[in-house]
Amino acid sequence: TAYAYSLNLAQFVRWCQERDLRRPAEITRPIIERFQRWMFLYRKPNGRTLSFTSQLSRLAALKSFFRWMARQNHIAASPAADIELPRVRRTIPREILTAAEVEAILALPVIADPEGLRDRAILETLYSTGIRRAELTHLSIWDLDAERGTLLVRQGKGRKDRVVPIGERAVAWIDKYQADVRSGLATSPDDGSLFLTNWGEAFNPDRLSHVVSGYVKKAGVTKHGSCHLFRHTMATLMLENGCD
């Protein structure tokens, strides 16, 4: 997020420098509106316009930056406070797995191997709960309540904790992974991370995506995605089976 914000702010800074605007106090609301119009008319090297999502991310970065500047008393007030952001139309995800495709993917890990058993537990957890990849990497061994069939997600999106339901099959695979595999992967000191790599460390999101996408491709599924593919699929199949 910080990297994306820096890129968006750098583009605005370059735009200002080209117009000899070099101090924060020189930036007014009309100037930001000029920048907004410039983005709307801008053409990329391939001739395409900036998407509304791209325009929104740049303006959101500006609003956050100038709000911070005002709070730190670098400027009297934020010139971007009342800027109207473009509305982005929400679309239904196109890449959704069928139940048969999910089962084909889940059956791929070689559960006779420790790594395969761990991967099966990861896939079952993603499919059963629909949690995000970063949320799964932060799970600890104390977050699963097998008796109640719930999973505590700590510091999820918006830095909020929440409890989500988890199915009996996923719980059974997690229990088997913890009993047969995790102790052999854990290193001292053990921080309690639920899913561990072969080096005894918690997964990072990119590594997790690499593992999951590998099974998706191996199953012959041509749909794009990895962890979030399971999130969309879980929600869609729940709706199709009667959830509100």
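Contact here means heavy atoms within 4.5 Å. By that yardstick, and leaving aside neighbours within four places in sequence, Gly 116 is in contact with Pro 109, Val 110 and Ile 111. The model is a predicted one, so local features need pLDDT of at least 70 and side-chain atom pairs count only at pLDDT 80 or more, while totals for chains, interfaces and linings use all residues. Residues are numbered from 1 along each chain as its sequence is written, and side-chain values use heavy atoms, with hydrogens and water left out.

Gly 116 sits in helix H5; helices (H or I, at least four residues) and strands (E, at least two) are DSSP runs, numbered from the N terminus. With 6% relative accessibility, Gly 116 counts as buried (buried is under 20% relative accessible area, exposed is over 50%, and partly exposed is in between, using a 1.4 Å probe and protein chains only). From Glu 33, Gly 116 is 83 residues away in sequence and 54 Å away in space, C-alpha to C-alpha.

Helix H5 (residues 114–129) also meets helix H9 (residues 227–240): their axes come within 7 Å and cross at roughly 40°. Axes are lines fitted to C-alpha atoms, for helices over the stretch in contact, and angles run from 0 to 180 degrees between N-to-C directions. That crossing makes H5 oblique to H9 (under 35 degrees is roughly parallel, over 145 roughly antiparallel, 65 to 115 roughly perpendicular, and the rest oblique). On the H5 side the contact is made by Leu 123, Leu 126, Tyr 127, Ser 128 and Thr 129, and on the H9 side by Cys 227, Phe 230, Thr 233, Met 234 and Leu 237. Sorted by class, the contact has seven nonpolar, three polar and no charged residues; Ala, Val, Leu, Ile, Met, Phe, Trp, Tyr, Cys and Pro count as nonpolar, Asp, Glu, Lys and Arg as charged, and the others, Gly among them, as polar.

Now for the rings. The structure holds eight aromatic pairs, where rings of Phe, Tyr and Trp (its six-membered ring) pair if their centres lie within 6.5 Å, with planes under 30 degrees apart called stacked, over 60 edge-to-face, and the rest tilted. Phe 35 and Trp 38 have ring centres 5.7 Å apart and planes at 20°, so this pair is stacked. Both lie in helix H2 (residues 29–41), three residues apart, about one turn of the helix. Phe 35 is buried at 0% relative accessibility, whereas Trp 38, at 27%, is partly exposed. Phe 65 and Phe 66, with ring centres 5.4 Å apart and planes at 65°, are edge-to-face. Here Phe 65 is partly exposed at 31% and Phe 66 is buried at 1%. These four residues join Phe 12, Trp 15 and Tyr 42 in one aromatic cluster.

Last comes the sheet. Three strands form an open sheet in the order S1-S2-S3, with antiparallel pairing; two strands pair if DSSP finds at least two bridges between them. The edge strands, S1 (144–145) and S3 (162–165), each pair on one side only. S1 and S2 pair over two bridges, with Asp 145 opposite Thr 150, and they form a hairpin with four residues between them, where Gly 149 in the turn has a positive phi of about 70°. Four bridges join S2 (residues 150–153) to S3: Val 153 partners Arg 162, and Leu 151 stands opposite Val 164. Side chains alternate along S2, with Leu 151 and Val 153 buried on one face, while Thr 150 and Leu 152 point to the other and are not buried.
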